[in-house]
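Colleague: I have a predicted model open on my screen and would love a guided look at one part of it. Could you pick a helix, tell me what its surroundings look like, and then point out a few other places worth finding by eye?

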Amino acid sequence: MTATVGLLMAVVLIVLLLLGVPICISIALSSVVAGAAALDMDMMLQTASQRTFSGISVFTLIAIPFFILAGNIMNRGGIAIRLMNFARLLVGKIPGSFAHTNCMANMMFGAISGSGVAAASAMGTIIGPIAEKEGYSKDYMAVVNIASAPTGLLIPPSNVLITYSLVSGGTSVAALFLAGYIPGILWGLGCMVVAFIAAKRLGYKGDSQKVTLSMAGKITLDAIPSLLLILVVIGGIVAGAFTATEGAIVAVVYSLILSIIYRSITWADLKRIYAESASMTGIIVFLIGVSSIMSWVISFVNIPAAVGDMLNGVSSSPVVILLIINIFLLFVGTFLDTTPAILIFTPIFLPIAIQCGLSPVEFGIVITYNLCIGTITPPVGNILFVGVKVAQTTIERVIKPLLPYYAVIIAVLMLCTYVPSISSFIPELAGYEATLK
């Protein structure tokens, strides 16, 4: 029965996706059809409706629309340019200065907005034209921007990690946020190493602009209010001053006040921001609701145990099993967006990862990292398409230069998988040992 239901679910889901049916509808229909093979249709429909509503009736879920709103406000509120100037101040003298500025700015802006797409769009729009005037190839800058933008999905706050917390059974959001720092920073630093090597080969120098002490002080002071958002939101969540949901509301209020002070946002802008945020929230919440049906069916017919038995049949080594899981997730990430992939595959692979010695927090970083790579790979990488669009280049021109970045990023993934203390180090320092067992 388990194999029949699992195969039926996979076949129906793949067929619907190939036919162009929206992912939300595809997940709902494939789950109901597969569930009806184990239960009668009337009972399955009743269960599906109950699971949909229970799946979205979670208080922590309220954090997602507020973080989306905060990210959209930041993207248009003058915060990105100040972070870019600060990043340029820090790394501007290194050969390939604009590439390193792009990487640093993506890490900082992504950490504030929680969106890789927003980071790629904002930084590509701001840094790209300046770099091109300085003699940089637009393809070189597009590749750096694309490769480093997903760091914002790992460095908190991250809606992806909040979604993982929900579907994994309530893993601590604060612990997940803290666990994302080192992997996200390593991803960004890895991109900077590759960019440095490419810059030396292409003859790109460091920033020739002379920065006086007073200029450096002004740039730093301009950036501090934006950077303080990280301290206020993440610090407040970790310290227990407020929950992740309340932290998201604080992020909205803080970013809105900053945007008003900077005079970089109008009422007309706010209307568009609210509309875009509401639309994006509706998609994600509906996706979470219908994915709850799939999670229930997967659990009801005991698919995780069957997959675990199958992997144990291939090898009893945790090293090999984790490698197979990584390869599968890397493949899936090239076709599925991050949120639906988290919702579908967490219930399947989390029990297996725990048997292999990973905690729910550590596996949360591993699965998120895998799927972040999918955002910069064809055929459906949304950050890849945004980065190409803002740079006014083509996918064909950037894929080959991206290969060294893929190699370094995947090397960091393997490091995070087989040295899980990279993820758990900061949560342990903060006193979250109980979530790492």
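Modeller: Happy to, and here is a walk along one helix, followed by a few other stops. Please keep in mind that this is a predicted model.

Let us settle on helix α17, which spans residues 318–333. On its outward side, α17 takes part in a nonpolar surface patch of about 540 Å². The patch is made by V319, V320, L323, I327, L415, Y418 and V419. Two elements, α17 and α21, each give two or more residues to this patch, and the largest share, four residues, comes from α17. If you want one patch member to click on, try L323, which sits in helix α17. L323 has a relative accessible area of 37%, so it counts as partly exposed, a class that lies between the 20% and 50% cut-offs.

Now stay on the helix but look at N326, which is also placed in α17. N326 is buried, because its relative accessible area is 1% and buried means under 20%. What does the side chain of N326 touch? It makes a polar contact with the side chain of N370, at 2.6 Å. Setting aside neighbours within four places in sequence, the residues in contact with N326 are V366, N370, L413, M414 and T417. So N370 appears both as the polar partner of N326 and in its list of contacts, because contact means heavy atoms within 4.5 Å.

The helix α21 covers residues 395–418, and the loop between it and α20 (382–391) holds Q392. Q392 is not a glycine, yet its phi is positive, about 55 degrees. With 65% relative accessibility, Q392 counts as exposed, because exposed means over 50%.

For another helix, turn to α8, residues 138–148. Ten of its eleven residues are buried, so α8 is mostly covered, buried meaning under 20% relative accessible area. Among the buried residues are D139, Y140, M141 and N145. At the start of α8, a side-chain oxygen of S137 comes to within 3.2 Å of the backbone nitrogen of D139.

One last stop is the backbone around P157, which lies in the loop between α9 (151–154) and α10 (159–167). P156 and P157 are joined by a cis peptide bond, with omega about 0 degrees.

Technical notes: Residues numbered from 1 in each chain as written. Predicted model: local features only at pLDDT ≥ 70, side-chain atom pairs only at ≥ 80, totals over all residues. Heavy atoms only, no water. Buried < 20%, exposed > 50% of the residue type's maximum accessible area, 1.4 Å probe, protein only. Patch = residues over 30% accessible without salt bridge, like charges linked within 9 Å, V, L, I, M, F, W, Y side chains within 5 Å. Areas by Shrake-Rupley, 256 points an atom, 1.4 Å probe, with all protein chains shown as cover. Salt bridge = Lys/Arg side-chain N within 4 Å of Asp/Glu carboxyl O. Polar contact = N/O pair within 3.5 Å; in protein donor to acceptor, adjacent residues only side chain to side chain.
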